[in-house]
Amino acid sequence: MGKPTGFLEYQRQGNPGQSPLERIKHYNEFHPRLSREDRRRQGARCMECGVPFCQSGAVLSGMVSGCPLHNLVPEWNDLIYTGNFGHAAERLLKTNNFPEFTGRVCPALCEAACTCGLHGDPVTIKENELGIIEDAWESGLIQPRPPRNRTGKRVAVVGSGPSGLACADQLNRRGHSVTVFEREDRPGGLLMYGIPNMKLEKTIVQRRLDLMAAQGVAFRTGVDIGRDVAAEELLQGYDAVVLCCGAAQPRDLAVPGREAQGVWFAVDFLKETTRSLLNSGLADGAYPSAKGKHVVIVGGGDTGNDCVGTCIRHGCKSVVQLEMMPKAPDSRAANNPWPEWPRVCKVDYGQEESIALFGRDPRIYQTTVTEMLADDAGALRAVRTVQLDKSLKPVPGTEQELECQLLLIAAGFLGAQSYVPEAFGVTLTERNRVQTPEGGYATNIPKVFTAGDMHRGQSLVVWGIQEGRAAAREVDQFLMGYTN
């Protein structure tokens, strides 16, 4: 423990953020990193706990507390304090293939379990992680390291989101020849098209993809397995196939007027905005624009918040975010003690920007859409809403009409799209997830495995990485008879 009194001497200092009214003028990341010296002080705040809850990944009251990857958090916090950033990067990369992603978009399960957070502010674990890996990139420590020997085994990974990339990275390091198939025009899956550029700039994703390609991973884009290429072709041409296609089936709103023009699933709205941004800086207009429109977003989660921030950058006239559930408390309730995940209300970047621009939080709680109203040309003009009681039943007399020309549905996902599982003949659960034995990743079809959201349901990037690593271990065991 480099600084036994660090948690007493230093206050938590997060990365500074650009003001909301400034950052809405662009689509770039807006949190510049601390200096090395300031980062060392933040590393010094770590208490080097004998039982580090931050890296436990334990399930408490149905929620995960601590890092699912079991990152060696106290070790690299101590190495930050002592100035050994290179060694810290080595320790970090032992457990996490892509710290530059989790260091930007993870909700920081580790920090919620930090002992410093019991009676004060937790250590800036997530930002320390990001500081370590970006320092490693900038210092030239991250270089292509292809495997010295190849096993002669060929693996096809279908899907290039966090789980597919983690699985491919692990199997390639082992010496297997890995080809990643992606139906979109760019690899990266959720990382490329599901997360807005201001949270994760795509140059960061491409940097990692380029490194993986230099290490021997092959990427084939614009290939939709099960449609463009038959499943049988992969089964015959590869020694193992890993399905990492995500939980891409969005939950719809089955209400009158659903056919109105101007209704989009949030995932498609965000994807087309990012694609246009990358292709032309939005100059091609090949995306559903919110400019000058009253926008209603159905869904109060992270995706809904991303839609708020994106619509504001488009230049929307107003934005409302509807949430069916009641507002969470502003601080931990007595029945939600540390180190459980705190069930509290947070104000994310999109909501901050709405408050700064429009003077109010965009969220309206315990409310849902009951009807979509179109004009004579079939274009959406308004939505009817109703308030809900605690049992989510409509409250009579609370109906309201909101002007709306763009409605974004961010109500979650219903599991995997069925055509890929059907093409391979793998069994799905009642929740539309690919079925495997408990704790395993092998499907009912020989040499076909699965990982990520397709396997566990809609989840976090950190869980996708964990699933990809665990599936790779099982695939390696299958191919070689043992695994290291």
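In the predicted model, L200 is in contact with E29, E100, F101, R104, V105, L191, I195 and V205, its neighbours within four places in sequence being left aside. L200 also belongs to the largest nonpolar core, which holds 42 residues. Together with V155, V157, L191, V242 and V475, L200 is among the members that touch the most other members of this core. Two or more residues are given to the core by each of the helices α6 (99–105), α9 (162–174), α10 (190–194), α11 (202–214) and α18 (461–480), and by each of the strands β3, β4 and β6 (240–243). Helix α18 provides the largest share, nine residues. A second core, separate from this one, comprises 24 residues, including F85, L92, A136 and W137. In soluble globular proteins, nonpolar side chains tend to be buried together.

Strands β3, β4 and β6, which contribute to the largest core, are also part of an open sheet of five strands. The strand order in this sheet is β5-β4-β3-β6-β15, and the pairing is parallel. Strands β5 (218–221) and β15 (448–450) form the edges, each pairing on one side only. On average, neighbouring strands are turned by 20° against each other, direction ignored. Within the sheet, β3 (residues 154–158) and β4 (residues 177–182) run parallel and are joined by five bridges. One of the residues concerned is R154, whose bridge partner in β4 is S177.

Another open sheet, also described by five strands in parallel pairing, has the order β7-β14-β8-β9-β10. Its edges are occupied by β7 (263–265) and β10 (363–365); each has a single partner strand, so one side of each is left without a neighbour in the sheet. From one strand to the next, the twist averages 20°. Strand β9 (residues 318–323) pairs with β10 in the parallel sense over three bridges, and Q321 stands opposite R363 in β10.

Two helices pack on this second sheet. Helix α13 (residues 266–280) touches β7 and β14 (406–409), and its direction makes about 85° with that of β7. Helix α14 (residues 302–314) touches β8 (294–298), β9 and β14, and the direction of α14 makes about 175° with that of β9. Strand β14 is thus touched by α13 and by α14.

Terms used:
Residues are numbered from 1 along each chain as its sequence is written. This is a predicted model: local features need pLDDT of at least 70, side-chain atom pairs count only at pLDDT 80 or more; totals for chains, interfaces and linings use all residues. Side-chain values use heavy atoms; hydrogens and water are left out. Two strands pair if DSSP finds at least two bridges between them. Helices (H or I, at least four residues) and strands (E, at least two) are DSSP runs, numbered from the N terminus. Axes are lines fitted to C-alpha atoms, for helices over the stretch in contact, and angles run from 0 to 180 degrees between N-to-C directions. Contact means heavy atoms within 4.5 Å. A nonpolar core is a set of buried Ala, Val, Leu, Ile, Met, Phe, Trp, Tyr and Cys residues joined through side-chain atoms within 4.5 Å. Buried means under 20% relative accessible area, exposed over 50%, partly exposed in between (1.4 Å probe, protein chains only).
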